[in-house]
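Grab a pencil and open the viewer. Try each exercise yourself before you read its solution.

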Amino acid sequence: MLPFPHSTVTPFIALSLGLAIFAAADPITVSVPSTAPGHNVVQPNFLGISLELSFMDEYCAFVQTSIRALSLTIKLRAVGNDTSTIPPTVLNYLSAIRGRTGNSPLRLRVGGNSMDSSVYVPEMTTPMLQLTQSAANSNNQPVNYGPMLWEVMKKVADNVGGAEYLIGAAEQALGSTLDGFLLGNEPDLYTTHLQRPKIKNYTTDIYIDNNCNFGKYPFGVPYYTQHANAWQGPAMTLLQSNTSAPKLIMSEFNSASCGGIPTVSDTFAVGSLWTIDYALQMAAVGYSAAYLHTRERGISYNLFTPPDGPNGNPGDWVTNPPYYALVATAEALQNADGAGGVVVDLNIANSKTDKKATSAGYAVYDSKGVNVQQFVLFNYANISNFANPSAATATFTLPASAFTASKKNGITVKFLSSSTLLEKNDIAWGGQSLAGVGNGTFQDNNSAWVVPNQQIDCTNGCSVDVPPTAMAVVFAASNNSVVKTKNNKAWASSIASPVLAIFSALAAYALTML
């Protein structure tokens, strides 16, 4: 997918910008509207996962072969199997997200470039997927696929406690877990790709950066840490200017097209913080759902990485920065009554427009837009710009009127933290991490870079200190977040469709007309 068109830009590769050394910042007074100015209600499952069709069996199968693409031999899983080969670690990863989405099922979408060029073969009961070209473009590996794919997807939904899919021929197999149908993958690019040269172009959103000409890309990490840059894209503009515009589903996005950018997409700053910021921005302007794309192993923006070798090899999986964004976003969007919430950008320190602002934040109201459920507070400060690292901490002052919890003297604050903005592995959410944990199950972590949960008194208002390279979620309406574990099946019993998976058999951007 093409990036958003920009004016003349100088790419930045590192965060060392030669800026002046800053002194300690003054506390930031957060102005909180008494009611939400917007009315777009979203659920805790707003941010879902988009999976490339050609590599579905990388997460669900054991057999491997190799093909040649772009003059490079790459390893692909060309022969898949059945519902018995789904790795437990994948189920652990998905269950951790599902355990935070309340009564809303997990959102999954299957699509990508390979979907438009792949063929559904109803009589092909095995393998699940079969590569059809030995010299395909690495960004578009067409396959033949059969009904076994639906069975695997349904099994995943059952095992993790809830999911839904967007797809075409899978309606009978997926039943209530089928969420919708999509028209095509990136139809806005059909004309430029000469697939439908006479068709009028579509107005959609697009990747803000790209690495399709590998190694040449407009932006580096600093661009993503400027909150004002989250307000870009034609669909963003459409939704802001027209409150009666059709609801939009962002069925595929990530930090940069063509697999992301090494040392950029795979960092805490971009993979974790920017992903959450951009997702909440989409929720604030009117999107109803968004799907974070992931592909085969070796891709910079992936959520997690399987063990080396053939699929099913024993060994540890590696959790990448974007995965933490899914977990933290789900908790940030939790709501007490299950009716959803309204996300509002608080424009802290004029961060919507001031690209020098290093602080940003959102309020998540209840579905009626009356009571704040959570605050989400970002500190993008680059610690290397401060003579005293502690001076890079951002202190957010919140008013007492914004808190409706029964015990205002015991407000919980959770942190998403890391050692630096460029970190790839040492990341923690709520005092727990998957760093060095190979099975996808969160573990308590007491490392120095982990910011533990805090209990603060907000009876008369309160201040929240957010260290540099961190994000905080303040639970204003309750005294804690709700997290169900895989062994606690309570979440599954309360919903009819346990997994909300969007199987995008035909598209990457869906426009759902009201």
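Here are some ground rules, then four exercises with worked solutions.

This is a predicted model, where local features need pLDDT of at least 70, side-chain atom pairs count only at pLDDT 80 or more, and totals for chains, interfaces and linings use all residues. Residues are numbered from 1 along each chain as its sequence is written, and side-chain values use heavy atoms, with hydrogens and water left out.

**Exercise 1. Take stock of the whole chain.**

Step 1: Count the elements, using DSSP runs numbered from the N terminus (helices are H or I, at least four residues; strands are E, at least two). You should get 9 helices and 27 strands.

Step 2: Check burial, where buried means under 20% relative accessible area, exposed over 50% and partly exposed in between (1.4 Å probe, protein chains only). Of the 514 residues, 59% count as buried.

**Exercise 2. Work out how enclosed strand β6 and helix α2 are.**

Step 1: Go through β6, residues 106-111. Here 6 of the 6 residues are buried, so the strand is largely enclosed by the rest of the structure.

Step 2: Sort β6 by direction. In a regular strand the side chains alternate between the two faces of the sheet. L106, L108 and V110 point one way, while R107, R109 and G111 point the other way.

Step 3: Now do α2, residues 88-98. With 10 of its 11 residues buried, α2 is largely enclosed by the rest of the structure too. Among the buried ones are V90, L91, Y93 and I97.

**Exercise 3. Find strand partners.**

Step 1: Recall the rule: two strands pair if DSSP finds at least two bridges between them.

Step 2: Look beside β6. Strand β3 (residues 47-52) pairs with β6 in the parallel sense over 4 bridges, and S50 stands opposite R109.

Step 3: Move to the open sheet of 3 strands, which has the order β7-β9-β8 and mixed pairing. Its edge strands are β7 (119-120) and β8 (129-131), each pairing on one side only.

Step 4: Zoom in on β8 and β9 (residues 143-145). They run antiparallel, joined by 3 bridges, with L129 opposite Y145.

**Exercise 4. Describe how helices α8 and α9 pack.**

Step 1: Get the geometry from axes, which are lines fitted to C-alpha atoms over the stretch in contact, with angles running from 0 to 180 degrees between N-to-C directions. Helices α8 (residues 268-285) and α9 (residues 321-332) pack at about 25 degrees, axes 7 Å apart.

Step 2: Name the arrangement. That angle makes α8 roughly parallel to α9 (angles under 35 degrees count as roughly parallel).

Definitions and conventions:
Angles under 35 degrees count as roughly parallel, over 145 as roughly antiparallel, 65 to 115 as roughly perpendicular and the rest as oblique.
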